[in-house]
Amino acid sequence: MTTKNTPLTLSPLKLTTYSPDDEVAKSFMEFEMFDSRHHFSVGLTQSGIAIMMRFVNKRAFSNKPSKGIRRMVTVKLVDASAYLTIATTRIRITIPAGAKDNFHRVDFPFAYSNICKDHTYKIIVTDDNSRETLGETSFNIYDELLYGEDTSRWYVVEAGGLCPEHEKEYYKSYNVGTLSYPKVRFDILPKISPVPDILPELEIRVYFPDGTIDNSFCNPICDDFDMNEYHVEMPILISDSNKGICYAELLCLDYPIAGCVFNTKSGYHSGAWFGKNLECLDKYTLEAASERFRTAFSDNNNEKNDDMTDEEFEKALSEFIMDELGSSEDYDTTDNESDTNSNNDNPGVEFQSEEVSNQRTPLSLNDLTGLSKVKEKFTTYEKIVSFNKMRMGNNLPALSLPLHAVFLGSTGTGKTTVAKMMGKMLAKAGILSKGHVVIKERATLLGPNYSMEETNTLEAIEAAKGGILFIDEAYQLYQPNDPKDPGKFVIETLLTALADESNRDWMLILAGYPDVMRKLLEMNPGFKSRIPESNIYVFDDFTESQLLEIAERYFEREKYNLTEESRIALSRRLHSDYISRDKTFGNARYVINLIQTEIIPAMALRVVSNTDNDPRSLSEIKPCDIPQPKGLPHSHRSQIGFRA
């Protein structure tokens with residue numbers, strides 16, 4: 001801390017609490033042995049707190065010959081919550097002429113019985129001569145007896161991975177530019193009870209392939225107004241020497257609670273790590289991290305788990321939500337040219353279902369759960385398209401339809417599924433020549449290097465020629481607070497393409513959450529003028545009864561028997577989760593994840609443990625297979641939240 005009237009500067013204070021048998025209580029440890037944490041757990045044997053200080057002579061950095069310093073300094077331990085000074089001491093700082101700094105350590109008694117566990121404490125250092133504050137730092141104490149000794153249970157880690165600079169999207173592999181600052185990020189849910197006013201800080205520790213280690217202590221950042229979801233993140237410096245497979249570990253008060261791997265040297269693979277791919281390595285080695293990276297990708301390709309990409313989710317949605325569903329080859333959701341071309345050979349394929357009693361039944365929008373507003377508007381649009389086709393068949397001029405659309409809806413409401421239906425319908429009517437769907441988002445349109453936005457966007461439009469370019473979470477392209485954001489070049493390129501009346505053999509669908517998408521349209525008149533209100537589709541969140549219907553259809557199709565008692569248990573679980581949902585609630589995706597990651601695994605463990613393998617045991621879901629919420633639904637705290 002730099003001051004005006006004193007020649008002393010104090011670097012950031014470093015603290016640690018200790019018990020009588022700890023090494024720090026028995027010896028004068030080096031300054032580097034202390035870290036930058038500000039939160040500590042307290043045990044019954046705690047006896048003191050140590051403060052390490054590095055005083056610097058500012059005169060030593062001037063052009064004039066430096067003078068020595070002899071100064072008296074006061075160090076205070078203060079209960080900031082009670083406005084009470086607990087302990088104070090004075091020390092003499094002596095820095096000889098020609099020297100730059102000096103290290104001092106101060107210890108205060110800080111026993112368990114004298115600590116108010118829910119208070120915030122401060123260390124304040126002042127210069128006695130000038131009476132200026134040289135430095136201060138706050139810290140908090142968490143009682144292991146009050147919150148539970150197993151600090152690994154204080155947080156649940158939901159997702160983790162690498163986020164490129166200026167991005168919030170996760171990547172498992174991203175070819176980072178030299179001297180770039182991507183972020184390691186973990187999404188977390190606090191489970192500490194009772195909930196403290198200030199949540200315990202977390203440490204992110206990153207192991208690089210060149211053997212270096214970087215770490216940072218992070219305060220959880222709240223992501224929603226209900227104060228249920230948080231994240232922590234840490235920027236890392238990538239250079240040529242430390243590129244490759246890295247391992248990031250998340251710790252709570254020195255206890256590892258999660259870990260994930262990512263590659264900064266080659267490839268671009270979006271998505272976060274979930275579930276077992278967030279388990280900590282027993283011991284970090286480059287070989288162990290590389291093996292984790294390899295097996296994690298192998299597992300993702302061969303197993304059904306909760307680490308679902310958007311493409312995997314849409315496939316699951318198509319397979320499990322519908323009464324009758326189309327074959328996978330009718331749904332082109334890829335971005336690469338070869339897969340797009342494979343869809344070109346048969347552009348007029350109708351929606352078909354799997355064989356049921358040797359018959360194939362066409363799939364219609366009515367086979368989807370809910371979506372009443374979308375069904376009504378889609379049906380009207382389909383009839384107008386058919387009307388135009390009939391007029392053209394009779395050599396009459398047809399109405400020029402506005403083609404491009406906006407889909408407003410939350411995650412898991414079927415936006416991509418309806419886009420695929422629309423592509424097939426328009427191809428059948430001759431409006432589009434192929435009807436395939438190319439899915440893009442901000443990260444794939446911007447690419448790994450800035451200045452490629454226009455090229456990437458034009459390539460996406462070309463790949464969608466004859467079909468639909470579907471841009472998911474399109475609102476991320478518009479960053480009003482950042483005039484230099486490259487997303488604006490994507491928007492400009494799209495608007496130029498939309499204005500080209502000579503190229504009508506493609507359709508643009510912008511999709512995302514309603515509020516932010518409306519704002520995107522309002523702030524970009526070009527979109528609003530080319531996408532009329534009639535082409536804005538609203539995908540409402542599923543109701544509680546519709547979520548139950550989705551689950552029942554899944555079980556029926558997969559030949560599971562949901563008894564009446566099980567149905568009641570499932571309804572109770574859905575009700576609890578539904579009334580405590582927030583803006584990120586996954587709708588159909590939530591139901592699929594609940595079934596695939598909780599209900600079916602619980603049933604499997606029960607059946608295998610009982611060594612039952614008869615058809616009834618293998619198909620009948622019992623109430624005990626459906627995990628129930630613990631206690632009453634969570635009531636949101638009324639106090640103002642904490643943001644780092």
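Axes here are lines fitted to C-alpha atoms, for helices over the stretch in contact, and angles run from 0 to 180 degrees between N-to-C directions. The model shown in every view is predicted.

**View 1. Helices H14 and H15 pack against each other with their axes 13 Å apart.**
H14 covers residues 564-579 and H15 covers residues 588-609. The angle between them is about 125°. Angles of 65 to 115 degrees count as roughly perpendicular and those over 145 as roughly antiparallel. H14 and H15 are therefore oblique to each other. The crossing of H14 past H15 is right-handed. On the H14 side, Leu570, Arg573, Leu574 and Asp577 make the contact. On the H15 side, the contact residues are Tyr590, Leu594, Glu598 and Ile599.

**View 2. Five parallel strands form an open sheet.**
The order is E21-E22-E23-E20-E24. E21 (437-440) and E24 (536-539) are the edge strands, and each pairs on one side only. From one strand to the next, the twist averages 20°. Helix H11 (residues 514-523) packs on this sheet. H11 touches E20 (405-409), E23 (507-512) and E24. The direction of H11 makes about 150° with that of E20. At the E21 edge, 4 bridges link E21 to E22 in the parallel sense. Val438 sits opposite Leu469 of E22.

**View 3. A second open sheet of 5 strands has mixed pairing.**
Its strands run in the order E3-E9-E8-E5-E6. E3 (39-42) and E6 (84-95) are at the edges. Each has a single partner strand, so one side of each lacks a neighbour in the sheet. Direction ignored, neighbouring strands are turned by 25° against each other on average. Within the sheet, E8 and E9 are antiparallel partners over 7 bridges. Thr126 has Thr133 in E9 as its bridge partner.

**View 4. Strand E4 is largely enclosed by the rest of the structure.**
E4 spans residues 48-57, and 9 of its 10 residues are buried, so the rest of the structure largely encloses this strand. Which strands pair with E4 in the antiparallel sense? E1 (residues 8-10) does so over 3 bridges. Here Leu10 faces Phe55 of E4. E2 (residues 14-18) is joined to E4 by 5 bridges, also antiparallel. In this pairing, Thr16 has Ala50 of E4 as its bridge partner. E7 (residues 101-109) is joined to E4 by 9 bridges, again antiparallel. Ala50 appears here too: its bridge partner in E7 is Asp107.

**View 5. Arg131 takes a positive phi in the loop between E8 and E9.**
Most residues other than glycine have a negative phi, and most peptide bonds are trans. Arg131 is not a glycine, yet its phi is about 60°. The flanking strands are E8 (120-127) and E9 (133-143). Is Arg131 buried or exposed? Its relative accessibility is 74%, so Arg131 counts as exposed.

**View 6. Glu473 also has a positive phi, near 50°.**
Glu473 is a residue other than glycine. Its loop lies between strand E22 (468-471) and helix H10 (487-498). Buried means under 20% relative accessible area. At 17% relative accessibility, Glu473 therefore counts as buried.

**View 7. Ser193 and Pro194 are joined by a cis peptide bond.**
Omega is about 0° at this bond. Pro194 is in the loop between strands E12 (183-190) and E13 (202-207). Among the elements of the protein chain, E13 has the highest mean pLDDT, 96.

**View 8. Two stretches have pLDDT under 50.**
Across the protein chain, the mean pLDDT is 79. A value of 70 or more is reached by 83% of its residues. Residues 301-362 stay under 50. The model has 128 contacts beyond four places in sequence for this stretch. Helix H5 (residues 337-342) has the lowest mean pLDDT among the elements, 36. Residues 631-644 also stay under 50, with 25 contacts beyond four places in sequence. Where pLDDT is low, the predicted coordinates should not be read in detail.

How values were computed. Residues are numbered from 1 along each chain as its sequence is written. This is a predicted model: local features need pLDDT of at least 70, side-chain atom pairs count only at pLDDT 80 or more; totals for chains, interfaces and linings use all residues. Side-chain values use heavy atoms; hydrogens and water are left out. Buried means under 20% relative accessible area, exposed over 50%, partly exposed in between (1.4 Å probe, protein chains only). Helices (H or I, at least four residues) and strands (E, at least two) are DSSP runs, numbered from the N terminus. Two strands pair if DSSP finds at least two bridges between them. pLDDT is the predictor's confidence in each residue, from 0 to 100. Contact means heavy atoms within 4.5 Å. Angles under 35 degrees count as roughly parallel, over 145 as roughly antiparallel, 65 to 115 as roughly perpendicular and the rest as oblique. A crossing is left-handed if the near helix is turned anticlockwise from the far one by less than a right angle, and right-handed if clockwise.
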